[in-house]
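Please walk me through this structure, starting from the ligand and moving outward to the helices that can be followed from there.

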Amino acid sequence: MQTYLVGGAVRDELLGLDVKDRDWVVVGATPEQMRAQGFRQVGADFPVFLHPRTQEEYALARTERKQGRGYHGFTVYSAPDVTLEQDLQRRDLTINAMARAENGELIDPFHGLDDLKARRLRHVSPAFAEDPLRILRTARFAARFQPLGFSVCEDTLTLMRRMVDDGEVAHLVPERVWQEIQRALHEAAPTVFFRVLAECGALAVLIPELNEPDRLATGLNALDCLALRPDTSTGQRFAGLFAAVPTDQAEHRARCLKAPNDCRDMARLTSHFLDRLTALSLPEGPAPALLELLDTADVWRRRPRFDALLTVLHCATPPGLAGRVRQLELAAQVATGVEPAALLAQGYRGSALGQAIHQERLKRIEGALSAHNHRGSP
Ligand SMILES: Nc1ccn([C@@H]2O[C@H](COP(=O)(O)OP(=O)(O)OP(=O)(O)O)[C@@H](O)[C@H]2O)c(=O)n1
(Lines give C-alpha, C1' and ligand atoms only; values in the text may rest on other atoms or scores of the structure.)
Protein backbone atom coordinates (compact mmCIF):
# COMPACT_ATOMS: atom_id res chain seq x y z
CA MET A 1 0.00 0.00 0.00
CA GLN A 2 1.31 3.46 -0.95
CA THR A 3 0.28 6.91 0.23
CA TYR A 4 0.42 10.13 -1.80
CA LEU A 5 -0.22 13.76 -0.99
CA VAL A 6 -2.72 15.08 -3.60
CA GLY A 7 -4.81 17.99 -4.79
CA GLY A 8 -4.69 21.49 -3.35
CA ALA A 9 -1.75 20.80 -1.02
CA VAL A 10 0.58 19.82 -3.88
CA ARG A 11 -0.64 22.76 -5.99
CA ASP A 12 -0.24 25.32 -3.22
CA GLU A 13 3.20 24.06 -2.21
CA LEU A 14 4.37 24.43 -5.84
CA LEU A 15 2.94 27.97 -5.92
CA GLY A 16 4.83 28.78 -2.73
CA LEU A 17 1.59 29.32 -0.80
CA ASP A 18 0.72 28.19 2.71
CA VAL A 19 -0.81 24.73 2.71
CA LYS A 20 -3.96 24.54 4.85
CA ASP A 21 -5.54 21.11 4.36
CA ARG A 22 -3.57 18.11 3.34
CA ASP A 23 -5.45 15.35 1.49
CA TRP A 24 -3.97 11.93 0.85
CA VAL A 25 -4.71 9.09 -1.56
CA VAL A 26 -4.01 5.50 -0.60
CA VAL A 27 -3.36 2.99 -3.37
CA GLY A 28 -3.53 -0.79 -2.93
CA ALA A 29 -5.46 -0.98 0.32
CA THR A 30 -8.89 -2.17 1.44
CA PRO A 31 -11.16 -0.48 4.00
CA GLU A 32 -10.47 -3.39 6.36
CA GLN A 33 -6.72 -2.76 6.20
CA MET A 34 -7.26 0.93 6.88
CA ARG A 35 -9.46 0.26 9.91
CA ALA A 36 -6.98 -2.30 11.19
CA GLN A 37 -4.36 0.47 11.22
CA GLY A 38 -6.56 2.67 13.37
CA PHE A 39 -8.03 4.89 10.62
CA ARG A 40 -11.63 5.97 11.22
CA GLN A 41 -13.98 5.75 8.25
CA VAL A 42 -16.01 8.86 7.45
CA GLY A 43 -18.42 9.52 4.62
CA ALA A 44 -20.78 6.83 3.43
CA ASP A 45 -20.48 7.56 -0.32
CA PHE A 46 -16.86 6.71 -0.80
CA PRO A 47 -14.08 5.28 1.33
CA VAL A 48 -12.45 8.22 3.13
CA PHE A 49 -10.66 7.80 6.45
CA LEU A 50 -9.26 10.06 9.13
CA HIS A 51 -5.71 9.45 10.30
CA PRO A 52 -5.77 8.39 13.96
CA ARG A 53 -3.26 11.07 15.00
CA THR A 54 -3.23 13.93 12.45
CA GLN A 55 -6.98 13.67 11.59
CA GLU A 56 -6.02 14.36 7.95
CA GLU A 57 -8.12 12.78 5.20
CA TYR A 58 -6.96 9.61 3.52
CA ALA A 59 -9.10 8.45 0.58
CA LEU A 60 -8.74 5.11 -1.12
CA ALA A 61 -7.94 5.59 -4.82
CA ARG A 62 -11.19 5.60 -6.75
CA THR A 63 -12.81 6.18 -10.10
CA GLU A 64 -16.11 7.97 -10.52
CA ARG A 65 -18.60 7.64 -13.32
CA LYS A 66 -21.59 9.82 -13.87
CA GLN A 67 -25.01 8.17 -14.06
CA GLY A 68 -27.65 10.85 -13.51
CA ARG A 69 -27.87 14.61 -13.92
CA GLY A 70 -26.66 17.42 -11.69
CA TYR A 71 -24.66 16.62 -8.65
CA HIS A 72 -26.32 13.26 -8.06
CA GLY A 73 -25.75 9.94 -9.62
CA PHE A 74 -22.05 9.21 -9.34
CA THR A 75 -20.96 5.61 -9.33
CA VAL A 76 -17.82 5.23 -7.29
CA TYR A 77 -15.47 2.34 -7.82
CA SER A 78 -12.80 1.81 -5.27
CA ALA A 79 -10.60 -1.28 -4.96
CA PRO A 80 -6.92 -2.09 -4.42
CA ASP A 81 -6.44 -2.29 -8.21
CA VAL A 82 -7.39 1.37 -8.87
CA THR A 83 -4.16 3.16 -9.76
CA LEU A 84 -3.00 6.61 -8.67
CA GLU A 85 -3.21 7.77 -12.27
CA GLN A 86 -6.86 6.70 -12.52
CA ASP A 87 -7.61 8.59 -9.33
CA LEU A 88 -5.87 11.72 -10.66
CA GLN A 89 -7.69 11.44 -13.97
CA ARG A 90 -11.13 11.83 -12.37
CA ARG A 91 -10.15 15.25 -10.98
CA ASP A 92 -11.18 18.68 -12.25
CA LEU A 93 -8.13 20.78 -13.19
CA THR A 94 -4.61 19.69 -14.09
CA ILE A 95 -3.11 21.89 -11.36
CA ASN A 96 -5.31 19.95 -8.88
CA ALA A 97 -4.35 16.57 -10.32
CA MET A 98 -0.74 16.22 -9.18
CA ALA A 99 0.52 13.93 -6.43
CA ARG A 100 3.62 13.86 -4.24
CA ALA A 101 5.01 10.42 -3.29
CA GLU A 102 6.49 9.66 0.13
CA ASN A 103 9.99 9.87 -1.39
CA GLY A 104 9.26 13.41 -2.62
CA GLU A 105 8.75 12.52 -6.28
CA LEU A 106 6.12 14.58 -8.14
CA ILE A 107 3.64 12.44 -10.06
CA ASP A 108 2.08 14.56 -12.77
CA PRO A 109 0.58 12.52 -15.63
CA PHE A 110 -1.60 15.41 -16.88
CA HIS A 111 1.10 18.09 -16.97
CA GLY A 112 -0.24 20.15 -14.13
CA LEU A 113 3.20 21.63 -13.46
CA ASP A 114 3.42 23.00 -17.02
CA ASP A 115 -0.03 24.54 -16.63
CA LEU A 116 0.87 25.91 -13.23
CA LYS A 117 3.96 27.59 -14.69
CA ALA A 118 1.96 28.88 -17.67
CA ARG A 119 -0.77 30.09 -15.26
CA ARG A 120 -3.43 28.00 -17.01
CA LEU A 121 -6.59 26.54 -15.49
CA ARG A 122 -7.18 23.54 -17.72
CA HIS A 123 -9.46 20.53 -17.34
CA VAL A 124 -7.87 17.11 -16.94
CA SER A 125 -10.13 15.19 -19.32
CA PRO A 126 -13.60 15.26 -20.89
CA ALA A 127 -14.83 13.70 -17.63
CA PHE A 128 -14.74 17.27 -16.28
CA ALA A 129 -18.18 17.61 -17.87
CA GLU A 130 -19.63 14.95 -15.57
CA ASP A 131 -19.74 17.37 -12.65
CA PRO A 132 -21.31 20.80 -13.28
CA LEU A 133 -20.09 22.03 -9.90
CA ARG A 134 -16.68 22.18 -11.57
CA ILE A 135 -17.83 25.19 -13.61
CA LEU A 136 -18.20 27.06 -10.34
CA ARG A 137 -14.99 25.65 -8.90
CA THR A 138 -13.02 26.69 -11.98
CA ALA A 139 -14.47 30.20 -11.82
CA ARG A 140 -13.55 30.29 -8.13
CA PHE A 141 -9.97 29.20 -8.76
CA ALA A 142 -9.79 31.89 -11.46
CA ALA A 143 -10.93 34.43 -8.83
CA ARG A 144 -8.35 33.14 -6.35
CA PHE A 145 -5.36 32.95 -8.66
CA GLN A 146 -6.01 35.81 -11.07
CA PRO A 147 -3.63 38.08 -9.11
CA LEU A 148 -0.92 35.45 -9.77
CA GLY A 149 -1.64 35.67 -13.51
CA PHE A 150 -3.90 32.63 -13.95
CA SER A 151 -6.79 32.44 -16.38
CA VAL A 152 -9.15 29.76 -17.68
CA CYS A 153 -7.92 27.98 -20.81
CA GLU A 154 -9.94 28.57 -23.98
CA ASP A 155 -10.60 24.81 -24.37
CA THR A 156 -11.91 24.61 -20.84
CA LEU A 157 -14.17 27.62 -21.38
CA THR A 158 -15.52 25.96 -24.50
CA LEU A 159 -16.26 22.81 -22.55
CA MET A 160 -17.92 24.85 -19.80
CA ARG A 161 -20.10 26.59 -22.41
CA ARG A 162 -21.16 23.24 -23.80
CA MET A 163 -22.06 21.99 -20.31
CA VAL A 164 -24.21 25.09 -19.79
CA ASP A 165 -25.88 24.61 -23.18
CA ASP A 166 -26.62 21.00 -22.26
CA GLY A 167 -28.61 22.26 -19.28
CA GLU A 168 -26.28 20.77 -16.65
CA VAL A 169 -26.07 23.89 -14.47
CA ALA A 170 -29.81 24.00 -13.81
CA HIS A 171 -29.49 20.70 -11.94
CA LEU A 172 -27.12 21.97 -9.27
CA VAL A 173 -28.67 22.15 -5.82
CA PRO A 174 -28.84 25.67 -4.32
CA GLU A 175 -26.80 24.69 -1.27
CA ARG A 176 -23.77 23.77 -3.38
CA VAL A 177 -24.15 26.84 -5.58
CA TRP A 178 -24.36 29.09 -2.53
CA GLN A 179 -21.32 27.44 -0.97
CA GLU A 180 -19.27 28.26 -4.07
CA ILE A 181 -20.63 31.82 -4.30
CA GLN A 182 -19.93 32.40 -0.63
CA ARG A 183 -16.34 31.22 -0.98
CA ALA A 184 -15.87 33.12 -4.25
CA LEU A 185 -16.98 36.38 -2.62
CA HIS A 186 -13.94 36.12 -0.35
CA GLU A 187 -11.36 35.10 -2.94
CA ALA A 188 -8.62 37.56 -3.92
CA ALA A 189 -10.45 38.84 -7.02
CA PRO A 190 -14.12 37.94 -6.49
CA THR A 191 -15.35 39.77 -9.60
CA VAL A 192 -13.39 37.33 -11.76
CA PHE A 193 -15.69 34.54 -10.53
CA PHE A 194 -18.75 36.30 -11.92
CA ARG A 195 -16.99 37.33 -15.14
CA VAL A 196 -16.02 33.72 -15.87
CA LEU A 197 -19.58 32.56 -15.13
CA ALA A 198 -20.91 35.25 -17.46
CA GLU A 199 -18.46 34.22 -20.16
CA CYS A 200 -19.55 30.59 -20.17
CA GLY A 201 -23.24 31.37 -19.85
CA ALA A 202 -23.67 29.96 -16.34
CA LEU A 203 -24.50 33.34 -14.82
CA ALA A 204 -27.62 33.63 -16.99
CA VAL A 205 -28.86 30.37 -15.46
CA LEU A 206 -27.74 30.86 -11.86
CA ILE A 207 -28.34 34.62 -11.40
CA PRO A 208 -30.43 35.73 -14.39
CA GLU A 209 -31.01 39.12 -12.74
CA LEU A 210 -27.36 39.96 -13.41
CA ASN A 211 -27.45 38.85 -17.02
CA GLU A 212 -27.61 42.41 -18.29
CA PRO A 213 -24.39 44.31 -19.02
CA ASP A 214 -25.14 47.53 -17.12
CA ARG A 215 -26.44 45.76 -14.03
CA LEU A 216 -23.49 43.41 -14.01
CA ALA A 217 -21.01 46.26 -14.44
CA THR A 218 -22.55 48.22 -11.55
CA GLY A 219 -22.57 45.14 -9.32
CA LEU A 220 -18.99 44.22 -10.13
CA ASN A 221 -17.78 47.77 -9.53
CA ALA A 222 -19.37 47.71 -6.10
CA LEU A 223 -17.94 44.27 -5.37
CA ASP A 224 -14.46 45.37 -6.46
CA CYS A 225 -14.66 48.31 -4.07
CA LEU A 226 -15.94 46.14 -1.19
CA ALA A 227 -13.29 43.49 -1.79
CA LEU A 228 -10.59 46.13 -1.26
CA ARG A 229 -11.76 46.25 2.37
CA PRO A 230 -10.73 42.88 3.76
CA ASP A 231 -13.18 42.95 6.66
CA THR A 232 -16.36 43.33 4.59
CA SER A 233 -18.78 40.45 5.17
CA THR A 234 -20.35 37.99 2.75
CA GLY A 235 -23.64 39.89 3.13
CA GLN A 236 -22.05 43.22 2.21
CA ARG A 237 -20.33 41.77 -0.85
CA PHE A 238 -23.47 39.94 -1.94
CA ALA A 239 -25.50 43.14 -1.54
CA GLY A 240 -22.95 45.12 -3.56
CA LEU A 241 -23.26 42.62 -6.38
CA PHE A 242 -27.03 43.21 -6.48
CA ALA A 243 -26.74 47.01 -6.25
CA ALA A 244 -28.43 47.59 -9.62
CA VAL A 245 -31.04 44.85 -9.24
CA PRO A 246 -34.57 45.92 -8.19
CA THR A 247 -35.40 45.05 -4.58
CA ASP A 248 -37.98 42.33 -5.25
CA GLN A 249 -35.74 40.61 -7.80
CA ALA A 250 -32.75 40.72 -5.45
CA GLU A 251 -34.84 39.20 -2.65
CA HIS A 252 -36.22 36.55 -4.95
CA ARG A 253 -32.75 35.49 -6.09
CA ALA A 254 -31.39 35.46 -2.54
CA ARG A 255 -34.23 33.10 -1.60
CA CYS A 256 -33.67 30.81 -4.60
CA LEU A 257 -29.98 30.60 -3.73
CA LYS A 258 -30.85 29.93 -0.09
CA ALA A 259 -28.52 32.76 0.91
CA PRO A 260 -28.48 33.25 4.70
CA ASN A 261 -30.85 35.85 6.18
CA ASP A 262 -28.16 38.46 6.79
CA CYS A 263 -27.19 38.38 3.10
CA ARG A 264 -30.79 38.66 1.94
CA ASP A 265 -31.42 41.42 4.42
CA MET A 266 -28.40 43.47 3.34
CA ALA A 267 -29.26 43.04 -0.36
CA ARG A 268 -32.84 44.17 0.29
CA LEU A 269 -31.76 47.22 2.30
CA THR A 270 -29.09 48.21 -0.22
CA SER A 271 -31.44 48.04 -3.16
CA HIS A 272 -34.18 49.91 -1.27
CA PHE A 273 -31.81 52.63 -0.08
CA LEU A 274 -30.33 53.15 -3.53
CA ASP A 275 -33.84 53.50 -5.00
CA ARG A 276 -34.87 56.01 -2.39
CA LEU A 277 -31.66 58.03 -2.41
CA THR A 278 -31.96 58.32 -6.19
CA ALA A 279 -35.52 59.61 -5.87
CA LEU A 280 -34.56 62.11 -3.19
CA SER A 281 -34.92 65.42 -4.93
CA LEU A 282 -37.98 66.33 -2.94
CA PRO A 283 -38.76 70.03 -2.87
CA GLU A 284 -39.47 69.96 0.87
CA GLY A 285 -35.90 68.90 1.52
CA PRO A 286 -34.55 65.46 2.28
CA ALA A 287 -34.75 65.50 6.10
CA PRO A 288 -38.10 63.64 6.47
CA ALA A 289 -37.10 61.15 3.80
CA LEU A 290 -33.74 60.54 5.42
CA LEU A 291 -35.41 59.98 8.77
CA GLU A 292 -37.81 57.53 7.16
CA LEU A 293 -34.84 55.61 5.77
CA LEU A 294 -33.19 55.57 9.20
CA ASP A 295 -36.45 54.14 10.60
CA THR A 296 -36.57 51.52 7.84
CA ALA A 297 -33.06 50.39 8.74
CA ASP A 298 -33.90 50.59 12.45
CA VAL A 299 -30.62 52.38 13.02
CA TRP A 300 -31.76 53.00 16.63
CA ARG A 301 -31.42 49.36 17.56
CA ARG A 302 -29.26 48.04 14.74
CA ARG A 303 -26.38 50.46 14.45
CA PRO A 304 -23.72 47.92 13.38
CA ARG A 305 -25.96 46.69 10.55
CA PHE A 306 -26.52 50.30 9.47
CA ASP A 307 -22.78 51.00 9.45
CA ALA A 308 -22.28 47.89 7.31
CA LEU A 309 -25.00 49.18 4.97
CA LEU A 310 -23.26 52.57 4.71
CA THR A 311 -20.07 50.86 3.58
CA VAL A 312 -22.02 49.05 0.87
CA LEU A 313 -23.71 52.29 -0.18
CA HIS A 314 -20.38 54.12 -0.38
CA CYS A 315 -19.15 51.40 -2.75
CA ALA A 316 -22.38 50.99 -4.70
CA THR A 317 -23.58 54.54 -5.36
CA PRO A 318 -22.81 56.28 -8.62
CA PRO A 319 -20.62 59.40 -8.13
CA GLY A 320 -23.63 61.70 -8.49
CA LEU A 321 -25.22 60.19 -5.39
CA ALA A 322 -22.19 60.27 -3.10
CA GLY A 323 -23.44 63.49 -1.50
CA ARG A 324 -26.74 61.81 -0.58
CA VAL A 325 -24.94 59.00 1.20
CA ARG A 326 -22.93 61.55 3.16
CA GLN A 327 -26.19 63.28 4.12
CA LEU A 328 -27.60 59.96 5.28
CA GLU A 329 -24.51 59.32 7.36
CA LEU A 330 -24.73 62.76 8.91
CA ALA A 331 -28.45 62.29 9.61
CA ALA A 332 -27.75 59.01 11.42
CA GLN A 333 -25.02 60.64 13.45
CA VAL A 334 -27.17 63.47 14.80
CA ALA A 335 -30.47 61.59 15.05
CA THR A 336 -29.08 58.71 17.09
CA GLY A 337 -27.97 61.30 19.63
CA VAL A 338 -31.56 61.98 20.73
CA GLU A 339 -31.99 60.64 24.26
CA PRO A 340 -35.50 59.41 25.14
CA ALA A 341 -34.61 59.85 28.83
CA ALA A 342 -34.43 63.65 28.45
CA LEU A 343 -37.89 63.73 26.85
CA LEU A 344 -39.28 61.38 29.52
CA ALA A 345 -38.02 63.84 32.13
CA GLN A 346 -39.97 66.55 30.33
CA GLY A 347 -43.15 64.52 30.96
CA TYR A 348 -43.69 62.87 27.57
CA ARG A 349 -45.31 59.40 27.71
CA GLY A 350 -46.68 56.78 25.30
CA SER A 351 -47.36 57.84 21.73
CA ALA A 352 -46.63 61.47 22.62
CA LEU A 353 -43.13 60.35 23.60
CA GLY A 354 -42.74 58.59 20.27
CA GLN A 355 -43.80 61.72 18.41
CA ALA A 356 -41.52 63.94 20.47
CA ILE A 357 -38.55 61.69 19.72
CA HIS A 358 -39.43 61.76 16.04
CA GLN A 359 -39.72 65.58 16.00
CA GLU A 360 -36.45 66.02 17.85
CA ARG A 361 -34.65 63.72 15.42
CA LEU A 362 -36.13 65.59 12.48
CA LYS A 363 -35.08 68.93 13.95
CA ARG A 364 -31.53 67.75 14.43
CA ILE A 365 -31.32 66.35 10.91
CA GLU A 366 -32.64 69.59 9.43
CA GLY A 367 -30.17 71.59 11.50
CA ALA A 368 -27.25 69.40 10.52
CA LEU A 369 -28.17 69.47 6.82
CA SER A 370 -28.47 73.22 6.73
CA ALA A 371 -25.18 73.70 8.62
CA HIS A 372 -23.62 71.24 6.17
CA ASN A 373 -25.06 73.13 3.18
CA HIS A 374 -23.82 76.43 4.51
CA ARG A 375 -20.36 75.01 4.67
CA GLY A 376 -20.80 74.62 0.93
CA SER A 377 -20.88 70.87 0.42
CA PRO A 378 -24.34 69.68 -0.64
N1 LIG B 1 -15.88 18.71 -7.79
C2 LIG B 1 -14.63 18.38 -7.49
C3 LIG B 1 -14.16 18.56 -6.17
C4 LIG B 1 -12.84 18.21 -5.88
N5 LIG B 1 -12.03 17.69 -6.84
C6 LIG B 1 -10.65 17.27 -6.53
O7 LIG B 1 -10.50 17.09 -5.13
C8 LIG B 1 -9.42 17.88 -4.62
C9 LIG B 1 -9.77 18.41 -3.24
O10 LIG B 1 -10.90 19.22 -3.31
P11 LIG B 1 -11.06 20.50 -2.38
O12 LIG B 1 -10.54 20.24 -1.04
O13 LIG B 1 -12.46 20.99 -2.55
O14 LIG B 1 -10.19 21.59 -3.15
P15 LIG B 1 -8.69 22.03 -3.06
O16 LIG B 1 -8.11 21.87 -4.43
O17 LIG B 1 -7.96 21.39 -1.94
O18 LIG B 1 -8.85 23.59 -2.88
P19 LIG B 1 -9.05 24.48 -1.60
O20 LIG B 1 -7.74 25.19 -1.50
O21 LIG B 1 -10.16 25.40 -2.02
O22 LIG B 1 -9.39 23.61 -0.45
C23 LIG B 1 -9.20 18.96 -5.67
O24 LIG B 1 -7.89 19.43 -5.66
C25 LIG B 1 -9.54 18.23 -6.95
O26 LIG B 1 -8.45 17.44 -7.35
C27 LIG B 1 -12.53 17.52 -8.13
O28 LIG B 1 -11.81 17.06 -8.99
N29 LIG B 1 -13.83 17.85 -8.43
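**Around the ligand**

Helix 5 gives the most to the shell around the ligand, contributing 3 residues. This is a predicted model, and what follows should be read with that in mind. The ligand is surrounded by Gly7, Gly8, Asp21, Asp23, Arg91, Asp92, Asn96, Ala97, Asp131, Leu133, Arg134 and Arg137. Sorted by class, this shell has 7 charged residues, along with 3 polar and 2 nonpolar ones.

A record can be set beside this list: in an unreviewed entry, UniProt places the feature "binding site" at Gly8, Arg11, Arg91, Arg137 and Arg140. Such annotations may be inferred rather than shown by experiment. Among the annotated positions, Gly8, Arg91 and Arg137 are also named in the shell around the ligand.

**Two arginines of helix 5**

Two of the annotated positions, Arg137 and Arg140, deserve a closer look. Arg137 lies in helix 5, which spans residues 133-145, and Arg140 is found in helix 5 as well. How is each of them placed with respect to burial, buried or partly exposed? A residue is called buried when 20 or more other C-beta atoms lie within 10 Å of its own, and exposed when there are 12 or fewer. Arg137 has 18 C-beta neighbours inside 10 Å and therefore counts as partly exposed, whereas Arg140, because it has 21 such neighbours, counts as buried.

Their contacts can be read in the same spirit, leaving aside residues up to four places away in sequence. Arg137 touches Asp92 and Glu180, and Asp92 is itself one of the residues that surround the ligand. Arg140 touches Glu180 too, together with Arg183, Ala184, Glu187 and Phe193.

**From Phe193 into helix 8**

Phe193, touched by Arg140, is one of the buried residues of helix 8, which also include Pro190, Thr191, Val192, Phe194, Val196, Leu197 and Cys200. Helix 8 is mostly covered, with 8 of its 11 residues buried. Just after helix 8, Gly201 takes a positive phi of about 90 degrees.

Helix 8 (residues 190-200) also meets helix 10 (residues 213-227), their axes coming within 8 Å and crossing at roughly 155 degrees. Because angles over 145 degrees count as roughly antiparallel, helix 8 and helix 10 are described as roughly antiparallel to each other. On the side of helix 8 the contact is made by Pro190, Thr191, Phe194 and Ala198, and on the side of helix 10 by Leu216, Leu220, Leu223, Asp224 and Ala227. By class, this contact has 7 nonpolar residues, 1 polar and 1 charged.

Note on methods
Residues numbered from 1 in each chain as written. Predicted model: local features only at pLDDT ≥ 70, side-chain atom pairs only at ≥ 80, totals over all residues. Helix = DSSP H or I, 4+ residues; strand = E, 2+ residues; numbered from the N terminus. Contact = placed C-beta atoms within 7 Å. Axes fitted to C-alpha atoms, helices over the stretch in contact; angles between N-to-C directions. Parallel < 35°, antiparallel > 145°, perpendicular 65-115°, else oblique. Nonpolar A, V, L, I, M, F, W, Y, C, P; charged D, E, K, R; others polar. Near = placed C-beta within 6 Å.
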